[in-house]
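User: I have a model open and a few things to check. Can you go through them with me?
Analyst: Go ahead.
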Amino acid sequence: MYALITGASSGIGYDIAKVLADKGYDLIVVARRKERLEKLKEEIKDHNVIVYPCDVSKKENCFKLYEDLKDYDINVFINNAGFGDLSSFVDAKLDKLISMIDTNITAATILYKLFLSDFYKKNKGYILNVASAASYTIGPLMATYYASKSYLYKLTIATNEELRRDKINVHVSVLCPGPVKTEFNDVANCSFAIKQQESSYVAKVAIKKLFRHKLIIIPSKMLIIGKFLTRFVSEKMLAKIGYKIQKKKK
């Protein structure tokens with residue numbers, strides 16, 4: 001039985017692969033950097049690890065990935081590939097914003113749709129969409145990233161209800177971590193002013209709660225409280241707070 005993980009070359013995806021291997025899964029690991037995937041394969045010696053280099057920001061690659069892998073016995077799909085960028089919307093490079101949308105939204109949607117449809121037919125499986133705590137608030141200076149994660153967050157909750165109504169035994173979850181020690185900071189050109197969680201910890205919590213059928217996974221009590229408090233703050237005020245938080249990341 002296989003687990004498929006995109007964005008597996010570093011950070012949360014890398015550590016989720018290790019957690020799933022410890023639980024007995026063979027792995028199919030996907031990312032652009034083949035050498036990093038090969039390193040992961042070397043670290044996981046007791047299980048079959050298939051390395052699949054792929055740039056999912058190109059949608060044709062997403063369809064090819066599915067066609068190449070659809071006949072494997074995949075029971076877990078970790079939809080993790082994504083990145084951010086710290087910049088005002090006006091100053092941001094348009095090609096980077098488009099690439100972010102292609103990765104965080106288009107690729108995530110294509111792969112979620114294709115593998116969820118297969119799981120639906122089999123009436124089994126687990127899917128984890130990796131969003132962010134950014135998904136339930138507003139983030140000036142990272143506007144496109146926040147919006148893209150909000151999309152994935154709401155998509156997961158909506159499709160979960162569809163599955164529940166159809167009485168399908170497929171379990172979908174959305175992971176909403178806060179700042180995590182990963183390469184995200186380097187890619188996004190930012191640094192966090194608050195303490196960051198270890199990606200290994202977030203990975204363990206994510207898989208534990210995925211298998212317990214938790215829909216929204218927030219691996220921090222402070223973030224859970226923060227999400228609750230957003231109910232009592234206007235969107236305009238959330239934007240003001242978000243701007244101050246993002247400004248400190250530069």
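User: Why is the sulfur of Cys54 not in a bond with the closest cysteine sulfur?
Analyst: The closest cysteine sulfur, in Cys62, is 6.2 Å from that of Cys54, so it is too far for a bond. A disulfide here is a pair of cysteine sulfur atoms within 2.5 Å. By that rule the count is zero disulfides. Bear in mind that this is a predicted model, where local features need pLDDT of at least 70, side-chain atom pairs count only at pLDDT 80 or more, and totals for chains, interfaces and linings use all residues. Residues are numbered from 1 along each chain as its sequence is written, and side-chain values use heavy atoms, with hydrogens and water left out.
User: Is Cys54 buried or exposed?
Analyst: Cys54 is buried, at a relative accessible area of 10%. Buried means under 20%, exposed over 50%, and partly exposed in between (1.4 Å probe, protein chains only).
User: And what about Cys176?
Analyst: Cys176 is buried as well, with a relative accessible area of 0%.
User: New topic. What does Asn75 touch?
Analyst: Leaving out residues up to four places away in sequence, Asn75 touches Met1, Tyr2, Tyr25, Phe119, Lys124, Gly125 and Tyr126. Contact means heavy atoms within 4.5 Å.
User: Where does Asn75 lie?
Analyst: In strand S4, residues 74-79. Strands (E, at least two residues) and helices (H or I, at least four) are DSSP runs, numbered from the N terminus. Asn75 is buried, with a relative accessible area of 9%.
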